[in-house]
Amino acid sequence: MKILFVTSEIAPWVKTGGLGDVAAALPGALQRAGCEVQVLVPCYPALASAFPQRHYVADVPPLGGLLPEAQISMAPAADGYELLLLECPVCYERYGNPYLGSDLRDWSDNAIRFGLLSRVAAWLATDAAMPRVAPDVLHCHDWQAAMAPAYMRYRPGKRRPASVVTIHNLAFQGLFDPHVLADIALPPQAFTFDGVEFHGRLCFLKAGLECADHITTVSPTYAHEIQSYGHGYGLDGLLRHRADDLSGILNGIDTELWNPATDKLIAAEYAADSLARKGSNKLALQRQLGLDENPHAPLLGMVARMTDQKGCDLVLAEAEALLVAGAQFAVLGAGERRYAQHWQELARKYPDQCGTAIGYDERLAHQIEAGADIFLMPSRFEPCGLNQMYSLRYGTPPVVRRTGGLADTVVDCTPETLADGTATGFVFGDATRPALRHAIERAIATWRDANAWQALQRAGMARDFSWSGPARAYLSVFERACRAARDA
Ligand code: ADP
Ligand code: GLC
């Protein structure tokens, strides 16, 4: 089965969050599961310099509207699949975040930039202009690629492959003024309630959810949640309507990159049978962040985009009380300024206990996973979440809220789950300060009981979060989508 995988980010070159990680790992896993995968991604400067030897394979024909000229080049990726780079310097030759300018505002031409990505994906899939790229399934990720199935519907070509849209985060929908319709070369008849229109605006994600043969999202619980008013961002009605074509497939993680036994980014490598060495990582992290080198202080770690989604406000509301009680924090994140400032203030006030790094730092992310005692991820919503899986693998039990992929990956520690060996972390329900505080206190109390803690660590480290299971689940979704496309 041939898959054209369309994404707006791919680690390690361009990554703003988990989508970059997924796009880096899932194509290889699909390839190992027997698919032939090509990944279409905009040629941002980081990709251009990573693949100087790429070769041009096609000129994209004029696509209409204001969509600029573009070319396709090709490069082999390490994992056996092929990278198709969408070359269009006016759209993609911009440094830094792929979606935002240095003023932290969305680029004003994002509809064109990702309209182009989606349009080119549909052209490659349907036009048969490049026989080498004639996929059975067009697999589109998030709003930036989600317009592709709509182009397949409203601008049909010679072929009609199946289409699958994967939702990584329903909160980001790609909403634009209606005049953009003509700019991105969609016909007026696309602008209807069962097309690309959403409350008078043009919506990339909705277009994909309407037009794709199948929809997936990144955990079973999130698949269920987004069909409800509270988590649906106005799209819950549509998702309920398409419930039979909606699947939740839990993400995997890159178990080579995130392996404490071989991780070169951490101070001391360790495994489930050498947990004592994890202490060296704690000491190194304390030293690096200028904290008291005290093995008896519980060290709470957090690596996250600093946004409401991640529950930053909840942690900040409890942080000072926890510091006063003797806990330490190691916090890494980028995002909303108010959260960053608050963490920096705490770091100034409690320099021996609170280490804050604002920005993006892959190495420190690994060091926090390895060096912290407890990992905090009290998200308000979490489609899947990767960090809690990294922390389980690093023997750093997480405190999480019962939502989305967090609910699907962490087993709450109770006397029963501890006794039967299934407990892996601490799960709480309400997104409130007292509920979070209670969960953190339970975690700290358990951490003080060395035997119970080691049982928890080992249970988490033994969990299999590799991509092979999810890749098989995608394969059966692809087969279903192909049947649906044949019947369409
Ligand atoms: P989301 O995609 O919602 O941000 P995930 O948990 O799925 O959340 O993935 C986040 C990814 O980004 C993880 O690989 C995490 O380690 C990484 N990450 C987030 N913030 C930072 C940061 N400031 N520095 C380094 N890595 C980060
Ligand atoms: C999104 C979600 C996150 C998920 C990631 C990868 O960014 O917020 O929960 O893990 O996508 O699917």
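Before turning to the ligands I note that the domain bounds I use come from an automatic or database domain assignment, and that the model I am reading is a predicted one.

**Entry 1, ligand 2 and the domains.** With those bounds in hand, I looked up where the shell around ligand 2 comes from, and found that domain 1 (2–252 + 468–487) and domain 2 (275–461) each contribute at least three residues to it. The shell holds 13 residues, and the closest of them are H168, N251, E382, C384 and G385. Among the secondary-structure elements, helix 1 gives the largest share, three residues. Sorting the shell by class, I get five nonpolar, six polar and two charged residues.

**Entry 2, polar contacts of ligand 2.** I then went through the atom pairs, and for the side chain of E382 I recorded an N or O atom 2.4 Å from an oxygen atom of ligand 2, while for the side chain of N251 the corresponding distance is 2.8 Å. P383 takes part through its backbone, where an N or O atom lies 3.4 Å from an oxygen atom of the ligand. Of the 310 Å² of accessible area that ligand 2 has on its own, the protein covers 93%.

**Entry 3, ligand 1 and its shell.** For ligand 1 I listed 22 surrounding residues, with G18, D21, R305, K310 and G359 as the closest. I asked myself which elements each supply at least two residues of this shell, and the list reads helix 1 (18–32), strand 13 (299–306), strand 14 (328–335) and helix 15 (387–393). By class the shell is made up of nine nonpolar, seven polar and six charged residues. Because domain 1 (2–252 + 468–487) and domain 2 (275–461) both give residues to the shell, I place ligand 1 between them.

**Entry 4, polar contacts of ligand 1.** Three side chains went into my notes here: an N or O atom of D21 is 2.5 Å from an oxygen atom of ligand 1, one of R305 is 2.7 Å from an oxygen atom of the ligand, and one of K15 is 3.0 Å from such an oxygen atom. The protein covers 93% of the 560 Å² of accessible area that ligand 1 has on its own.

**Entry 5, helix 18.** Lastly I checked the length of helix 18 (residues 433–447), whose 15 residues should span 21 Å at 1.5 Å a residue, and the end C-alpha atoms are indeed 21 Å apart, so the expected and the computed values agree. Taking buried to mean under 20% relative accessible area, I found A435, L436, A439, I440, A443, I444, T446 and W447 buried in this helix.

Key: Residues numbered from 1 in each chain as written. Chains lettered and ligands numbered in written order. Predicted model: local features only at pLDDT ≥ 70, side-chain atom pairs only at ≥ 80, totals over all residues. Heavy atoms only, no water. Helix = DSSP H or I, 4+ residues; strand = E, 2+ residues; numbered from the N terminus. Expected span 1.5 Å × (residues − 1). Buried < 20%, exposed > 50% of the residue type's maximum accessible area, 1.4 Å probe, protein only. Near = heavy atom within 4 Å. Polar contact = N/O pair within 3.5 Å; in protein donor to acceptor, adjacent residues only side chain to side chain. Areas by Shrake-Rupley, 256 points an atom, 1.4 Å probe, with all protein chains shown as cover. Nonpolar A, V, L, I, M, F, W, Y, C, P; charged D, E, K, R; others polar.
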